[in-house]
Amino acid sequence: MERNTPRLFIVIPCYNEEKVLPLTAPLFLKKIKDLHDAGLITGDSAVLFVNDGSRDSTWEIIKKLSEEDPRYKGISLSRNRGHQNALLAGLMEAKDQCDITISIDCDGQDDINAMDEMVEAYLAGSDIVYGVRSSRETDSFLKRTTAQGFYKVLNALGAETVYNHADYRLVSSRVLREFANFKEVNIYLRGMFPLVGFKSTCVYYRRNVRMAGESHYPLSKMLALAFDGITSLSIKPIRIITALGALISGVTFIFILYALISFFTGHAVAGWASTLVITSFLGGIQLIAIGVIGEYVGKIYLETKARPRYIIAERTDEHNNTGKDA
């Protein structure tokens, strides 16, 4: 399918990025220029920053950049809403202003040269192009192990995900218009975009080290995002608990029969240790089961409220007030 030269918006969520933003912003703008010079995108393509309630001077830097060059654009959320909601805000802001978006983090770790292949894949007919890491050499052993384990668990639970893909992806505007119909509050974008459908492909790249500043995704946030992803995309954990409960009930029934037979044959032996172990084991299983079920109930509670996933407080281009909050 032959396509016209698209207008591109590079969408970049930012949270306390005052150290790295001055380094990476010129690189993103240069990539826009290079892609235009290669005839892959239009000259009015832009870089869209999303300030996710930063507590440092990130928003002031974004505003200054937009004053220096109109190809820099920015929106600022009313408060910190988390990476996924900030990215969603940028994508929804851009969907009616461009033909394609490429989402990427601000830290310079994702290879921006992979954008060339992404745009070429779009021109060849793909509406979603996933940026996939060819290796995780720059990650620590713990992060690499937990991340790879998470992808395997998520796929085993029936969620459709792209292995070693984070949030570096090209998405066409027609996909974003359909994606806008997904109204859930608990979002996990890398697992939701495959649900939209349309033709997709992958581009592989090597991940670099962070150019400056510190990561805003410690292990605790990574685990929280992983659990959100699992509970947002699959109900298999509840089914596993049900199966585990049935199994334990079966084993317990066998122990009851054994105890009754021992009692009536006169071979019963009082033992506090076995009683303590069994009671503790069953109590632990029950608490885990209640916790998992409670997580799903909590998500239902949040979904029924249907609160806005983000609120845009300010735009660098204030006269363009056509974007809608979601």
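Select strand 4 (residues 100-103) and strand 6 (residues 165-172) in this predicted model. The two strands run antiparallel and share four bridges. Now pick Thr-101: its bridge partner in strand 6 is Val-171.

Keep strand 6 on screen and add helix 7 (residues 189-196). Helix 7 packs on the sheet, where it touches strand 5 (128-133) as well as strand 6. The directions of helix 7 and strand 6 make an angle of about 35°.

Next, show the whole sheet. It is open and has eight strands, ordered 7-5-6-4-1-2-3-8. Pairing is mixed. Go to the edges: strand 7 (200-205) and strand 8 (312-315) each pair on one side only. On average, neighbouring strands are turned by 25° against each other, direction ignored.

Turn to the interior. The largest nonpolar core holds 36 residues. Select Ile-12, Leu-21 and Phe-49, which touch the most other members. Then colour the elements that give two or more residues to this core. Among the strands are strand 1 (8-14), strand 2 (46-51), strand 4, strand 6 and strand 7. The helices include helix 1 (21-37), helix 2 (58-68) and helix 4 (114-123).

Centre on Leu-21. Which residues is Leu-21 in contact with, leaving aside its neighbours within four places in sequence? They are Cys-14, Pro-26, Phe-49, Thr-58, Ile-61, Ile-62, Leu-65 and Cys-106.

For the last stop, leave that core. Another core, of 31 residues, lies apart from it. Select Leu-77, Val-132, Ile-187 and Tyr-310, which are among its members.

Conventions
Residues are numbered from 1 along each chain as its sequence is written. This is a predicted model: local features need pLDDT of at least 70, side-chain atom pairs count only at pLDDT 80 or more; totals for chains, interfaces and linings use all residues. Side-chain values use heavy atoms; hydrogens and water are left out. Two strands pair if DSSP finds at least two bridges between them. Axes are lines fitted to C-alpha atoms, for helices over the stretch in contact, and angles run from 0 to 180 degrees between N-to-C directions. Contact means heavy atoms within 4.5 Å. A nonpolar core is a set of buried Ala, Val, Leu, Ile, Met, Phe, Trp, Tyr and Cys residues joined through side-chain atoms within 4.5 Å. Buried means under 20% relative accessible area, exposed over 50%, partly exposed in between (1.4 Å probe, protein chains only).
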